[in-house]
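Thanks for coming, everyone. Please have the sequence and the structure open beside you while I talk, as I will be moving from one region to another.

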Amino acid sequence: MSQLPSDSAAVAQPVAALKHYGQSVWLDFIRRSLIAGGELKRLVDEDGLGGVTSNPAIFEKAIDGSDDYASAIQEISDRQPGLEAKAVYERLAIKDIQDAADVLRSVYDRTGSHDGYVSLEVSPDLANDTNGTLAEARQLWKAVARPNVMIKVPATPAGLPAISTLIREGINVNVTLLFARDAYEAVANAYIDGLEARAAADQPLAHVASVASFFVSRIDTVVDSLVEVKLKTATGTDKVRLERLRGKVAIANAKLAYQSYKRIFAGPRWEALHSKNAQRQRVLWASTGSKNPHYSDVLYIEELIGPDTVNTVPPATLAAFRDHGHPRASLEENVADAMQTLDDLEKSGISLRQVTDDLLADGVSKFVEPFTKLLAAVERRSRDANKARINTQSQSLSPALQAKVYERVTAWNRDGGTRRLFAGDASLWTGTDEASWIGWLGIVDQQIDSEKLLLDFQQEIRSEGFTHALLLGMGGSSLCPEVWKETFGRIAGFPELFVLDSTDPAQIRALESRIDPARTIFIVSSKSGSTLEPNIFKAYFFDRVKKAVGADKAGGRFIAVTDPGSNLEKEARADGFRNIFAGVKSIGGRYSALSNFGMVPAAVMGLDVDKLLDEAERMLHACAPGVPAEDNPGLVLGTILGVAALQGADKLTLIASPGIHDLGAWLEQLIAESTGKQGKGIIPVDREVVGAPSVYGDDRVFAYLRLEDAPDAAQDAAVGALEKAGKPVITIRVATKYDLSEEFVRWEIATAIAGAVIGINPFNQPDVEASKIATKALTSEYEKTGKLPSEAPFFEGEGVKLFADANNAGALQRAAGSSPSLMSLLKAHLARLGQGDYFALLAYVEMNAAHEAALQRARHRVRDTKRVATCLGFGPRFLHSTGQGYKGGPDSGVFLQVTCDDGQDLQVPGQKYTFGLVKAAQARGDFQVLAERNRRALRVHIGSDVAAALRALDAAIAKALA
């Protein structure tokens, strides 16, 4: 073995350093564009990649969700019309395997056939058919015709004799779906049996190779869930023992399997073969992406490094290890502890045998299902429509803008931008902490791998007979669930989902009146676990539930979604919550839609979780490294948005079909909070009714999200008029409501790329924190003195009070003249709107239909008269959404904040303050930061009859604009 690398070398090149420990790294991913685009060769050259494994799920998404294979499918269909789908797939796959094997051939030759392999599996439906496996393996081996290919065969009882026979025939085998150590030992002996038979026939052994793919993280996923169930009732030493098992069993099992490997490939039997140049069957660690956010994302690499091993990793895990992996010779550390861990597992009443048997059965199923989908995808493209099955995207741009976009996309492609994005290369943005915030690019695969946990919980909630679910959260914790709620409504047989993201007492009371606390499951959702609003929501409703069902049963009505180690997690355990779902620390709130923050509420309300994740993965593949730049929908969209913003078209106007209208609320946060900083950014405009082209300035870009199975004819006509008038329009055709999950992926990638184009960090939110600090100072003052700091209006009359900082108040008073009125002051404020500005109406009132209608009328009056973009936000929810863009983005906003007296307040349990007091502090803190940023801001305070006061305000605005 080579000399171990120095610490500095290992840190500088952690992936490449693994070979010095005797471990080869393979990539668990293959698609045509990865090879054709040169990315695979780059990984071989720069990371020392030693092999590639494939699976049907990856092929299915690449074939169905991209145009990687369009020309190849067309060519096959033209030459042999009517060819069955499986035969078409095999031709596509064989070409990819051949090309990948050719890229890796230099590794194969350099290592003397020890490494440089590409794996291709036999059909998953042959897992229990020995003869069928043999026939197909022979056929694939002959068709690929490369010495550095391995045929994947599952480690089922029927697979064992096939393995021995194939090895005897000189066919390389990757034995897959190993979970149990005794199954591994049987596979190793089957390999040796095959070598012995080959040697007996006087056939050469040196070029026969095999790996035994031992699956790792899936074991922890299952065991951890069983541990959590037992912990709910465990006490004393039993509880301590169970807690020690979390995240330990899979690695312990793997370490002991490696000890079996050392024992089997030693001694007289093996030495007889080794003397004839036989290769050891290396252990390959599979399923090594971390699925539990509590664990390091490189855990299953760092803890399993040792001689004669392979670790096949998905792209996201490879990127993570390249960024922050720490290689060491870990595989034979603490072997005695590993034995103790498995002993503790049995003592805790958890059967590892049952876990591994279930995983094998589930593993076979997980290969069969995507293979069936794969064949269906090939059939569709061969017979029906040879087009990618993703939501299509088109754009109507001016020639000048189109040229700038093309130039930028070309440069991005030349510089390896998409690869660097997926690798978390911070130099794409500002070179600060961006690499720490790209976990969202890998979350879909993680959710798919641990999907059973969501499905089991979904059935648990359904069987309990809950009638309602109430999510308590803000911003990124609440906006995606609101999209599910508004898009899908109530699913029969499941609780109806409601979302609370306001401290307005009337809104809290209105939601409370719609649920029965005893039959409601509450989802407390907070990434940090310290966000003010979810914490006081939880306090309020936990108190209500205790009164309804008793203190001993209250916790069973609550679940938490929060990052590992947060205060909320600790409180949830102390209060006996039914379940705690972990967030991922490397995913910011606005990028968390497909993490547990979005998927747990989706499961609770009865959505088809598998379908949502399947569609999301399809878009992820369409935007992946290696996809031609012009075919990458996320890249093209993000580049348009970024380039347009730099040219002054920084008002992204969102138009969505009625059936998916609430997607705009989620997009508002994603775009404003990601891009609005350092005086730059994109201002999203949601819920404006589409107007005539004449009401829009040149600062607009339009994004039309058209629901294909329920379009709106009036919207179609209006958007058509915009295109005809030469306005820049991006049209995204969303096939069905379930295809919304594709849009979460598309827009997250696009937003990150737009941030790179604009030149900002799209993952931080400095000005949101400023508002929180200002609010905290105000509530602290109240707790000390029993009141908020005094403030004086600069105008009072006509049922309102007007507030502003000294600069804004002085400017408005001078413009209004010697006899100011509400109308004259509003006129002066609105007169500040100029070309390229936008008007934001920010209302700290109950969000209901009547209030929204009045505010919508007012915003549209401003738009149509002033020809400026308009935004409408309800406080305090917009503070966790568009607030960042208003304070940190371009200084082009004119703000009208609306606050009100609360007719009936609500006390926050355990605190001196009320919800109304919190809302008031939030409004004042928000306004204070706007003033500190020298924004043009006016606050209108109205009485407790909010509906009447908003109608009056609308009338005053109408007069001011006349």
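I will go through a strand, a helix, a few backbone details, the cysteines and then the aromatic rings.

Before anything else, please keep in mind that what you are looking at is a predicted model, and that residues are numbered from 1 along each chain.

Let me begin with strand E1, which covers residues 23-27 and is mostly covered, with five of its five residues buried. If you look at the two faces of E1, you will find Gln23, Val25 and Leu27 on one side, with Ser24 and Trp26 on the other, and all of these are buried. Which strands does E1 pair with? One partner is strand E8, residues 309-313, which runs parallel to E1 and is joined to it by five bridges; within that pairing, Val25 has Asn311 as its bridge partner. The other that I want to mention is strand E2, residues 51-52, which also runs parallel to E1 and is joined to it by two bridges, and here Leu27 stands opposite Val52.

From there I would like to move to helix H9, residues 159-168, which is mostly covered as well, since seven of its 10 residues are buried. The buried ones are Gly159 and then Ala162, Ile163, Ser164, Thr165, Leu166 and Ile167. What do these buried residues pack against? They pack against helices H8 (130-144) and H10 (181-200), and also against strands E4 (149-154), E5 (173-178) and E6 (210-215). Just after H9 comes Gly170, which takes a positive phi of about 85°.

That brings me to some further backbone details. Ser113 has a positive phi of about 65°, although it is not a glycine, and you will find Ser113 in the loop between helix H7 (85-110) and strand E3 (117-121). Is Ser113 buried or exposed? Its relative accessibility is 1%, so Ser113 counts as buried. Leu177, which is not a glycine either, has a positive phi of about 65°, and Leu177 is found in strand E5, one of the strands that the buried residues of H9 pack against. Leu177 counts as buried too, because its relative accessibility is 3%. Further along the chain, the peptide bond from Gly875 to Pro876 is cis, with omega near 5°, and Pro876 has its place in the loop between strand E22 (869-874) and helix H38 (883-888).

Now a word on the cysteines. How many disulfides are there? The count comes to zero. Take Cys480 as an example: the closest cysteine sulfur to its own is that of Cys623, and the two are 18 Å apart, which is too far for a bond, given that a disulfide needs the sulfur atoms within 2.5 Å. Cys480 counts as buried, at 1% relative accessibility, and Cys900 counts as buried at 9%.

Finally, let us turn to the aromatic rings, where a search of the whole structure finds 32 aromatic pairs. One of them joins Tyr89 and Phe371, whose ring centres are 5.7 Å apart and whose planes stand at 85°, so this pair is edge-to-face. Because Tyr89 lies in helix H7 and Phe371 in helix H18 (residues 352-384), the pair ties together parts that are 282 residues apart in sequence. Tyr89 and Phe371 are both buried. Another pair is Tyr261 with Phe265, where the centres are 5.3 Å apart and the planes are at 40°, so the pair is tilted. Tyr261 counts as buried, at 3% relative accessibility, and Phe265 is buried with a relative accessible area of 3%.

Some of the rings also gather into a group: Phe522, Phe537, Tyr540, Phe541, Phe542, Phe558, Phe577 and Phe915 form one aromatic cluster. One member of that cluster, Phe542, has the charged end of Lys538 sitting over its ring, 4.4 Å from the ring centre. In a similar arrangement elsewhere, the charged end of Arg939 sits over the ring of Phe803, 4.3 Å from its centre.

That is where I will stop, and I am happy to go back to any of these regions.

Notes: Predicted model: local features only at pLDDT ≥ 70, side-chain atom pairs only at ≥ 80, totals over all residues. Heavy atoms only, no water. Buried < 20%, exposed > 50% of the residue type's maximum accessible area, 1.4 Å probe, protein only. Helix = DSSP H or I, 4+ residues; strand = E, 2+ residues; numbered from the N terminus. Pairing = 2+ DSSP bridges. Contact = heavy atoms within 4.5 Å. Phe/Tyr/Trp six-rings, centres within 6.5 Å; stacked < 30°, edge-to-face > 60°. Lys NZ or Arg CZ within 6 Å of the ring centre and 35° of its normal.
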